Amino acid sequence: MFFDGYGYHGTSFEQTYRCYPASFIDKAQIENGDKVIMPPSALDRLASLHIDYPMLFELRNAATERVSHCGVLEFIAEEGMIYMPYWMMENLLLQEGDFVRVKNVTLPKGTYVKLQPHTKDFLDISNPKAILETTLRNFSCLSTGDSIMVAYNNKKYYIDIIESKPSHAISIIETDCEVDFAPPLDYKEPERPSGPVSTGKAPAEGQEPPEESEPKFNPFTGVGRRLDGKALKTEAPPVSSSAPQDRRANPSAGGTGVASSSSSQTAKAPTPGKLVFGSNANRTKDAPPKDASKDAKTEPPKSDDPKFQAFSGKKYSLRG
């Protein structure tokens, strides 16, 4: 049978139209949903058919075999033309004036849908689920593989439908549908934990610079120091090196290995009217051979002891 030149079979409706974006008919509000505007002849045909309500349609681009689903808002388009949201034309890879096949379908009510935002900016919204719930009120169905557009705060967010149950195309009119979110397409979650993990061994080349930069500020990286001076190896050489020089410069002093200031004082003989303090106060000029042999034996421990000696001088005098 034919109705006004359009063929139909029983309870099915199928027709080809030229598609145009909503801007051609000054209906910008349809960009926020999935509803299209069809010609009045389509309403006459649908009214005579035994179809299920609400009216849902399958849109097919025969050239690219892309398929999507939609609802209908009004029947005021020119004959042979259909107006649809621009984001829907992008999903179907349609250009202005291309042909699209429209067929009425019955979709099951959805119970689960998984969404994936294109950018992580969508997650920066204070309450993205509330915004999405408000936006989906303008939608009648969802199809797996489509990208829907959510307009909020003068900005457009695109979201992919990556999974739906119980079918690849579902109706979301008067149904309780569970919504789940996948990480955004531009969100790289593994990168952040990879920093501390990679500092171990695996990607050593890529993560070595942070390792080198971390030790730049280490206030207590030096070797432990002791108050008795045993760990101060750098100060030991000058003390020990000065000892043999004093011995060579003052062989008559008995080779005591004392600093030059003390050795110069020992070279002078004690004079009356002076008090001399020190273990070498009773030494005389005749005793160098005996003292040299004794001091030579005691010098090795003294070379280690001068690491920390508060009173290294052996002879000091108070001149009256």
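User: Which residues does Glu-58 touch, once those up to four places away in sequence are not counted?

Analyst: In this predicted model, Glu-58 touches Val-67, Ser-68, His-69, Arg-101, Val-102, Lys-103 and Val-105, where a contact requires heavy atoms within 4.5 Å. Glu-58 itself is found in strand β5, which spans residues 56–61.

User: Why is Glu-58 called buried?

Analyst: The relative accessible area of Glu-58 is 17%, and buried means under 20%, so Glu-58 falls on the buried side of that cut-off.

User: What makes the pairing of the Glu-58 and Arg-60 side chains a polar contact?

Analyst: The two side chains are linked at 3.5 Å, and a polar contact is a pair of N or O atoms within 3.5 Å, one able to donate a hydrogen and the other to accept it; the pair of Glu-58 and Arg-60 is therefore listed as a polar contact.

User: Why does the structure hold zero disulfides, and what does Cys-141 show about this?

Analyst: A disulfide is a covalent bond between the sulfur atoms of two cysteines. The cut-off for counting such a pair is 2.5 Å between the sulfurs, whereas the sulfur of Cys-141 is 6.4 Å from the closest cysteine sulfur, that of Cys-70, which is too far for a bond. Cys-141 is nevertheless buried, with a relative accessible area of 3%, and Cys-19 is also counted as buried because its relative accessibility is 0%.

User: How do you know that strands β3 and β7 pair, and which way do they run?

Analyst: Two strands pair if at least two bridges are found between them, and four bridges join β3, residues 14–21, to β7, so the condition is met and the two strands, which run parallel, count as paired. One of the bridge partners can be named, since Arg-18 has Met-81 of β7 as its partner.

User: Which way do the residues of β7 point, and are they buried or exposed?

Analyst: Along β7, which covers residues 81–84, Met-81 and Tyr-83 point one way while Ile-82 and Met-84 point the other way, and all of them are buried.

User: What makes Leu-93 and Asn-153 stand out in their backbone angles?

Analyst: Most residues other than glycine have a negative phi. Leu-93, however, has a positive phi of about 60° although it is not a glycine, and Asn-153, likewise a residue other than glycine, has a positive phi near 55°. Leu-93 is in the loop between α2 and β8, and Asn-153 is in the loop between β11 and β12.

User: Why is Leu-93 called partly exposed, and why is Asn-153 called exposed?

Analyst: Exposed means over 50% relative accessible area, and partly exposed lies between that value and the 20% limit for buried. Leu-93, at 47%, therefore counts as partly exposed, whereas Asn-153, at 63%, is exposed.

User: Where do cis peptide bonds occur, and what are their omega values?

Analyst: Most peptide bonds are trans. A cis bond joins Tyr-53 and Pro-54, with omega about 0°, and Pro-54 is in the loop between α1 and β5. Another cis bond joins Lys-165 and Pro-166, with omega about 10°, and Pro-166 is in the loop between β12 and β13.

User: How many helices and strands does the protein have, and how many of its residues are buried, as a percentage?

Analyst: The protein has eight helices and 16 strands, and buried residues make up 35% of its 320 residues.

Technical notes. Residues numbered from 1 in each chain as written. Predicted model: local features only at pLDDT ≥ 70, side-chain atom pairs only at ≥ 80, totals over all residues. Heavy atoms only, no water. Buried < 20%, exposed > 50% of the residue type's maximum accessible area, 1.4 Å probe, protein only.
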